[in-house]
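Colleague: I should like to learn how the features of a structural model are read. May we go through one together, step by step?

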Amino acid sequence: MEFVRQRIEAAVLGITMPGQTIDYLHPPGDPGLFGPHSMAWQVHGDFTAMLAGGVSALMLQMLHPAALAGVWDHSNFRVDMLGRLRRTARFVAATTYASRQDAEHLIDHVRRIHASVSGTTPAGKPYAASDPHLLTWVHVAEVSSFLESFLVYRQPDFPLAAQNQYLDEIALVAERLGAQNVPRTVVDMRNYLEGMKGELVNDARTQETLRRVLTAPAPGPLAVPFVRLMMRAGIDLLPGFAQEMLGVRQLGPVRQAALRQSVRLAAKPLRWAVRNGTVHRAKRRVGVD
């Protein structure tokens with residue numbers, strides 16, 4: 001069983017932590033930006049929920065033409081969808097669980113990258129990755145998806161007060177990147193998403209992104225069913241208006257229940273096997289079981 005556990009763990013860490021350069025074990029006692037008793041540590045601590053939420057976040061973000069143009073023009077995500085998800089996962093993991101110095105260094109690094117990313121959307125509108133309005137959109141698309149996935153797949157009874165605390169905590173990262181007027185409660189987040197509908201579009205680029213998400217290659221043959229399941233789970237987590245815009249059929253109660261139960265079953269061996277992920281290392285750094 002230990003051999004099986006190690007193989008599963010190696011496969012998971014191979015998806016999330018290849019070429020990892022951040023030392024989550026040092027310096028001892030450093031709580032990072034949030035600390036082990038934060039809601040950020042809790043919400044971001046489950047691999048399966050975060051992967052499904054990451055897929056959902058990517059699709060929600062791409063409905064904004066400026067956000068999509070930024071990655072379309074300045075990255076290789078169309079040929080490396082999992083690479084895009086990995087980079088997002090590494091940033092979220094490091095800003096959540098790494099030492100304060102490492103987290104702040106990474107935020108500064110991303111800010112410098114954003115400063116060089118600009119262009120024009122297919123509609124002729126200029127965009128810049130450093131635009132505070134766009135940064136807020138990208139952030140809200142992410143954290144709303146992570147929170148929804150956590151509620152569906154990890155802790156359905158997560159209290160509203162804890163959800164608000166999570167949003168209040170994690171707004172720090174968005175603001176350090178340059179976002180402004182970041183929603184800090186569930187009500188404000190929902191109102192923000194409602195208010196952003198008029199800026200969202202579903203064009204040829206968006207449909208191409210959707211196609212590539214649903215057909216993203218797995219890192220190995222054995223991971224194919226799991227990756228396909230996670231991609232479908234991510235689409236299922238999207239808000240209803242986003243599913244309508246993308247033209248994906250909302251699942252009926254029976255099919256949605258079957259999909260979500262399949263994800264929960266797939267998550268069990270992963271939760272049993274992974275003992276050396278970023279959250280585990282960070283807990284050892286601060287002396288928390």
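Colleague: Is Tyr192 buried or exposed?

Modeller: A residue counts as buried under 20% relative accessible area, as exposed over 50%, and as partly exposed in between, with a 1.4 Å probe and protein chains only. Tyr192 has a relative accessible area of 16%, so Tyr192 is buried. Please note that this is a predicted model, in which local features need pLDDT of at least 70 and side-chain atom pairs count only at pLDDT 80 or more, while totals for chains, interfaces and linings use all residues. Residues are numbered from 1 along each chain as its sequence is written, and side-chain values use heavy atoms, with hydrogens and water left out.

Colleague: Where is Tyr192 found, and with which residues is Tyr192 in contact, leaving aside its neighbours within four places in sequence?

Modeller: Contact means heavy atoms within 4.5 Å. Helices are DSSP runs of H or I with at least four residues, strands are runs of E with at least two, and both are numbered from the N terminus. Tyr192 lies in helix H9 (residues 186-196). Apart from neighbours within four places in sequence, Tyr192 touches His133, Thr136, Trp137, Val140 and Pro183.

Colleague: How is a pair of aromatic rings described, and how many aromatic pairs does a search of the whole structure find?

Modeller: Such a pair is described by the distance of the centres and the angle of the planes. Rings of Phe, Tyr and Trp (its six-membered ring) pair if their centres lie within 6.5 Å; planes under 30 degrees apart count as stacked, over 60 as edge-to-face and the rest as tilted. The search of the whole structure yields three aromatic pairs. One of them joins Trp41 and Tyr97 edge-to-face, at 5.1 Å centre to centre with 70 degrees between the planes. This pair links distant parts of the chain, 56 residues apart, with Trp41 in helix H2 (residues 39-43) and Tyr97 in helix H5 (residues 81-97). Both Trp41 and Tyr97 are buried. Phe150 and Phe158 have ring centres 4.9 Å apart and planes at 75 degrees, so this pair is edge-to-face. Phe150 is buried at a relative accessible area of 2%, and Phe158 is buried at 4%.

Colleague: At what angle do H10 and H11 pack?

Modeller: Axes are lines fitted to C-alpha atoms, for helices over the stretch in contact, and angles run from 0 to 180 degrees between N-to-C directions. Angles under 35 degrees count as roughly parallel, over 145 as roughly antiparallel, 65 to 115 as roughly perpendicular and the rest as oblique. Helix H10 (residues 204-214) packs against H11 at about 140 degrees, with the axes 9 Å apart. H10 is therefore oblique to H11. The contact involves Leu210, Val213 and Leu214 of H10 and Arg228, Met231, Arg232 and Ile235 of H11.

Colleague: At what angle do the axes of H11 and H13 cross?

Modeller: The axes of helix H11 (residues 224-237) and helix H13 (residues 253-273) come within 10 Å and cross at roughly 130 degrees. H11 and H13 are therefore oblique to each other. Among the residues that make this contact are Phe226 and Leu229 of H11 and Val263 and Leu270 of H13.

Colleague: Which peptide bond is cis?

Modeller: The bond from His26 to Pro27 is cis, with omega near -5 degrees. Pro27 is placed in the loop between helix H1 (2-16) and H2.

Colleague: What is phi of Asn181?

Modeller: Phi of Asn181 is near 55 degrees, a positive value in a residue other than glycine. Asn181 sits in the loop between helix H8 (160-177) and H9, and Asn181 is exposed, with a relative accessible area of 71%.
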